[in-house]
Amino acid sequence: MARAPAQHEDETLPEADRLDGFPHPRETRKLLGHGETERELAQAFASGRMHHAWLIAGPEGIGKATLAYGLARHVLAPRAERDASGGTLKIAPNSATARQIRALAHPGLLVLRRPYDMRSKRHAASIPVDEVRRLKAFLGLTAGVDSWRVVIVDAADELNVNAANALLKSLEEPPSRALFLLIASEPARLLPTVRSRCRRLQLAPLTGTALRQASEAALAAAGMDMPGPDRWPLLERLAAGSVRRALLLAGSGGLELYERIEAILAALPRIEWPAAHALADQLSQPANEQRFEAFYDLLLEMLWRLVHARAAASAEAPVAALAQRLIPTTRLPAWAALWEDIGRERAEAALLNLDKRALVLATFAKLERLAQL
């Protein structure tokens, strides 16, 4: 069959969905916690009734991309390798197909994602239409009798409007043996017309055993130790079923950062400004981008728990006591609004590449002002 040259990616460029030091989802050999979904997909493909587009949805970091790359390996592998999989998606990790996909060098695979700008040293805020226009040449390739083409969009909820409309055209008139895998943590952000062309796979957060096994495997691959048994319960609770979040917490000092946030909130209505400036200096360093993200994830999670505890009057004792002290009933709407404001300002700062140090200090100032009312 006629094929275009393999589309090698520059592996030295940062990838928006890769955690520093950890394997990328396409390099993860075993998907945990979604065995039934894997079997259903393998059976659908073997039956010859494979839908041409799937929307793989669910919270961030629970294995959506790992599933997508696993399905891509299975679909693109030679028939003999698929037949040897025993009704699963498993393909030998040392096979030519697996090696090519790990290197993003398989001619039958196209991955659409936010590009990295070498001049600004940052990823684009969304997937632009030029990225999706690569589909035309890719889908125009002449495929053999038993050859497939797989398109992974990671993440589909990061497509801008023009890019989403360009993708829609391909979804509406797909060529034969073309498979679209759209990954989305917030599928509601997709155009309704895009969602309607896809069969939805909703993945659930991982349970305790699967979360721990997946975290242990990723930490071991990165040469890191698993947090001790006394620290795992806190890590498990904060991870909320997300392997990505568990790794972010374990690999970037997230548990220590959470304890610092607890101390900051416990000291309200006053902020200890020397400590706040020191933390802002640390979080704004280019090398600490993931720690910066972890800070806001943890802060917003803690604020949500405080607001929820005050509204529902039910929470574990330390949280309930802090919520009662900080949040008078009459000020509950203001604290809920603060949670929304901080989340919005964080998103705007990422979109506009604003000063991270100033953002952190402004966040502390907002907390102090509201706590003193």
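This text walks through a predicted model, from its sheet to its helices, its aromatic rings and a few unusual backbone spots.

Start with the sheet. Strands of a sheet pair through backbone hydrogen bonds, either parallel or antiparallel. Here 5 strands form an open sheet, and the pairing is parallel. Their order across the sheet is 2-5-6-1-7. Which strands stand at the edges? They are strand 2, residues 109-112, and strand 7, residues 199-202. Each has a single partner strand, so one side of each is left without a neighbour in the sheet. Neighbouring strands are turned against each other by 20° on average, direction ignored.

Now look at one pairing within this sheet. Strand 1 covers residues 53-57, and strand 6 covers residues 178-184. The two pair in the parallel sense over 5 bridges. One residue to find here is Ala 57, whose bridge partner in strand 6 is Ala 184. Helix 7, residues 161-172, packs on the sheet. This helix touches strand 1, strand 5 (149-154) and strand 6. The direction of helix 7 makes about 140° with that of strand 6.

Follow the chain between strand 5 and helix 7. The loop there holds Ala 155. A cis peptide bond joins Asp 154 to Ala 155, with omega at about 5°. Most residues other than glycine have a negative phi, and most peptide bonds are trans. Another cis bond runs from Leu 268 to Pro 269, where omega is near 25°. Pro 269 sits in the loop between helix 12 (254-267) and helix 13 (273-283).

Phi has its own exceptions. Leu 104 is not a glycine, yet its phi is positive, about 55°. Look for Leu 104 in the loop between helix 4 (96-102) and strand 2. Is Leu 104 buried or exposed? Its relative accessibility is 7%, so Leu 104 counts as buried. Ala 240 also has a positive phi, about 50°, although it is not a glycine. Ala 240 lies in the loop between helix 10 (232-239) and helix 11 (243-251).

Next, turn to a pair of helices. Two packed helices are described by the angle between their axes and the distance between the axes. Helix 16 spans residues 332-352, and helix 17 spans residues 356-371. They pack at an angle of about 170°, with axes 11 Å apart. An angle over 145 degrees counts as roughly antiparallel, so helix 16 and helix 17 are roughly antiparallel to each other. Helix 16 brings Ala 334, Trp 335, Leu 338, Ile 342, Glu 345, Arg 346 and Ala 349 to the contact. Helix 17 brings Leu 359, Thr 363, Lys 366, Leu 367, Leu 370 and Ala 371. What is the character of these residues? The contact has 9 nonpolar, 1 polar and 3 charged residues.

Helix 17 also takes part in an aromatic pair. The model has 4 aromatic pairs. A pair of aromatic rings is described by the distance of the centres and the angle of the planes. Phe 295 and Phe 364 form one that is edge-to-face. Their centres are 6.0 Å apart, with 75° between the planes. Phe 295 belongs to helix 14 (residues 289-312), and Phe 364 belongs to helix 17. The pair links distant parts of the chain, 69 residues apart. Both Phe 295 and Phe 364 are buried. These two rings join Phe 292 and Tyr 296 in one aromatic cluster.

Terms used: Residues are numbered from 1 along each chain as its sequence is written. This is a predicted model: local features need pLDDT of at least 70, side-chain atom pairs count only at pLDDT 80 or more; totals for chains, interfaces and linings use all residues. Side-chain values use heavy atoms; hydrogens and water are left out. Axes are lines fitted to C-alpha atoms, for helices over the stretch in contact, and angles run from 0 to 180 degrees between N-to-C directions. Helices (H or I, at least four residues) and strands (E, at least two) are DSSP runs, numbered from the N terminus. Angles under 35 degrees count as roughly parallel, over 145 as roughly antiparallel, 65 to 115 as roughly perpendicular and the rest as oblique. Contact means heavy atoms within 4.5 Å. Ala, Val, Leu, Ile, Met, Phe, Trp, Tyr, Cys and Pro count as nonpolar, Asp, Glu, Lys and Arg as charged, and the others, Gly among them, as polar. Two strands pair if DSSP finds at least two bridges between them. Rings of Phe, Tyr and Trp (its six-membered ring) pair if their centres lie within 6.5 Å; planes under 30 degrees apart count as stacked, over 60 as edge-to-face and the rest as tilted. Buried means under 20% relative accessible area, exposed over 50%, partly exposed in between (1.4 Å probe, protein chains only).
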